[in-house]
Each structure stands twice: as C-alpha cells, then as structure tokens.
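Please open the structure in your viewer and keep the sequence beside it, with the selection tool ready. The tour moves from stop to stop, saying at each one what to select and what can be found there.

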Amino acid sequence: MTARETDAAAAASFYGGGIAGPQGPGGKPATVGRTGKISGKILCLFGEKDALIPSAQVDAIRAALDKAGTDHEVVVYPGADHGFFCDQRATYQKEAAADAWKRVKALFEDRLS
C-alpha cells in the first residue's frame with residue numbers, strides 16, 4: 001500500500017498475502033489492480049509452501065507488475081513457508097531469510113543512497 005500511495009523510491013514486501021486475493025482489506029478490491037501506481041522499485045518475497053499466498057496469486061502479482069511496467073523483483077523461496085524470515089517462528093528458514101535480507105539491503109542501498 002505504501003509503495004503505491006507514496007513516492008517511495010523502494011519497497012520490500014514480505015509474504016504479500018491478500019495482494020491478489022479475491023478481495024482486499026475491508027472487502028475492497030484486491031490491491032493487485034493498483035500496481036500501476038507504484039513509482040519506485042518493489043521487491044516481493046514469498047515462500048513456495050505458503051498456504052496463505054497460493055502460487056496463482058504470486059503469478060498474478062508478477063503479471064500485474066510486468067503489465068504495469070513496474071520496476072520489480074519477485075522471489076519465491078523453494079520449500080519456504082509463511083514466516084520464513086522470522087526467527088521466532090517454527091517456519092523460519094535460515095537460508096531463505098539470509099538471502100532475503102541480502103536482497104532488501106541491496107535494494108535500499110541502491111535506491112536510497
């Protein structure tokens with residue numbers, strides 16, 4: 001939401017649940033239809049086994065970003081579940097978390113410095 005409603009130069013989205021769901025927050029239209037308003041680069045990070053964000057929704061996000069010409073990177077971590085980045089959860093995946101953090105830092109260093 002911030003990426004599309006502000007002029008943020010960069011944004012990172014972890015487990016973007018609901019972005020391409022049947023409906024968005026509060027029953028409003030899903031936010032995937034508003035990706036054209038994103039002006040900065042967005043990094044989207046997902047776990048392959050995340051039941052809250054099916055692969056069809058990840059594909060819809062990627063397709064909407066491509067169609068809008070949005071500068072983006074969509075990463076799906078094989079074997080990773082929802083919460084792969086949080087070391088306080090059973091679904092934490094050290095390798096995926098390390099790679100995600102490296103990508104986030106590189107994005108922000110590139111776009112915000």
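Contact, as the word is used on this tour, means heavy atoms within 4.5 Å. This is a predicted model, in which local features need pLDDT of at least 70 and side-chain atom pairs count only at pLDDT 80 or more, while totals for chains, interfaces and linings use all residues. Residues are numbered from 1 along each chain as its sequence is written, and side-chain values use heavy atoms, with hydrogens and water left out.

**First stop: the two cysteines**

Select Cys44, whose place is in strand β2; helices (H or I, at least four residues) and strands (E, at least two) are DSSP runs, numbered from the N terminus. Not counting residues up to four places away in sequence, Cys44 touches Ser13, Ile61, Leu65, Glu73, Val74 and Val75. Cys44 counts as buried because its relative accessibility is 2%, where buried means under 20% relative accessible area, exposed over 50%, and partly exposed in between (1.4 Å probe, protein chains only). If you add Ala63 to the selection, you will find its C-alpha atom 13 Å from that of Cys44, the two residues being 19 apart along the chain.

Now select Cys86 as well. The closest cysteine sulfur to that of Cys44 is the one in Cys86, and the two form no bond because 20 Å is too far. Cys86 is likewise in no disulfide, and it is partly exposed, with a relative accessible area of 29%. A disulfide is taken here as a pair of cysteine sulfur atoms within 2.5 Å, and a search of the whole structure finds zero of them.

**Second stop: the loop between α2 and β3**

Move next to Thr70, which lies in the loop between α2 (55-68) and β3 (72-77). Is Thr70 buried or exposed? Thr70 counts as buried, because its relative accessibility is 7%. With neighbours within four places in sequence left aside, Thr70 is in contact with Thr35, Ile38, Gly40, Ile42 and Leu65. Show the side chain of Thr70 and follow it to the backbone oxygen of Thr35, which it reaches at 3.5 Å.

Asp71 is found in the loop between α2 and β3 as well, but at 35% relative accessibility Asp71 counts as partly exposed. Which side chain does the side chain of Asp71 meet in a polar contact? The partner is the side chain of Arg111, at 2.5 Å; a polar contact is a pair of N or O atoms within 3.5 Å, and within protein one must be able to donate a hydrogen and the other to accept it, while residues adjacent in sequence count only if both atoms are side-chain atoms. Apart from neighbours within four places in sequence, the residues in contact with Asp71 are Gly40, Lys41, Ile42 and Arg111. The C-alpha atoms of Asp71 and Ile42 are separated by 6.6 Å, although the two residues are 29 apart along the chain.

**Third stop: the loop between β1 and β2**

Select Tyr15, in the loop between β1 (10-14) and β2, and look at its backbone: Tyr15 has a positive phi of about 50° although it is not a glycine. Tyr15 is buried, with a relative accessible area of 17%.

Gly18 lies in the loop between β1 and β2 too, and at 30% relative accessibility it counts as partly exposed. Setting aside neighbours within four places in sequence, Gly18 is in contact with Gln23, Ala30 and Gln57. Its C-alpha atom is separated by 7.8 Å from that of Thr31, which is 13 residues away along the chain.

Thr31 itself belongs to the loop between β1 and β2 and is buried, with a relative accessible area of 13%. Residues up to four places away in sequence not being counted, Thr31 touches Met1, Arg4, Ile19 and Pro25.

**Last stop: the largest pocket**

To finish, select Met1, Ile19, Thr31, Ile38 and Ile42, which, of the 15 residues that line the largest pocket, are the closest to its centre. Helix α1 (2-5), strand β2 (41-47) and helix α2 each supply at least two residues of this lining.

Note on methods
On a 1 Å grid over the protein atoms alone, a cavity is a set of points where a 1.4 Å probe fits but cannot get out, and a pocket is an open set with protein on both sides within 12 Å along at least five of seven lines; lining residues have an atom within 4 Å of a point.
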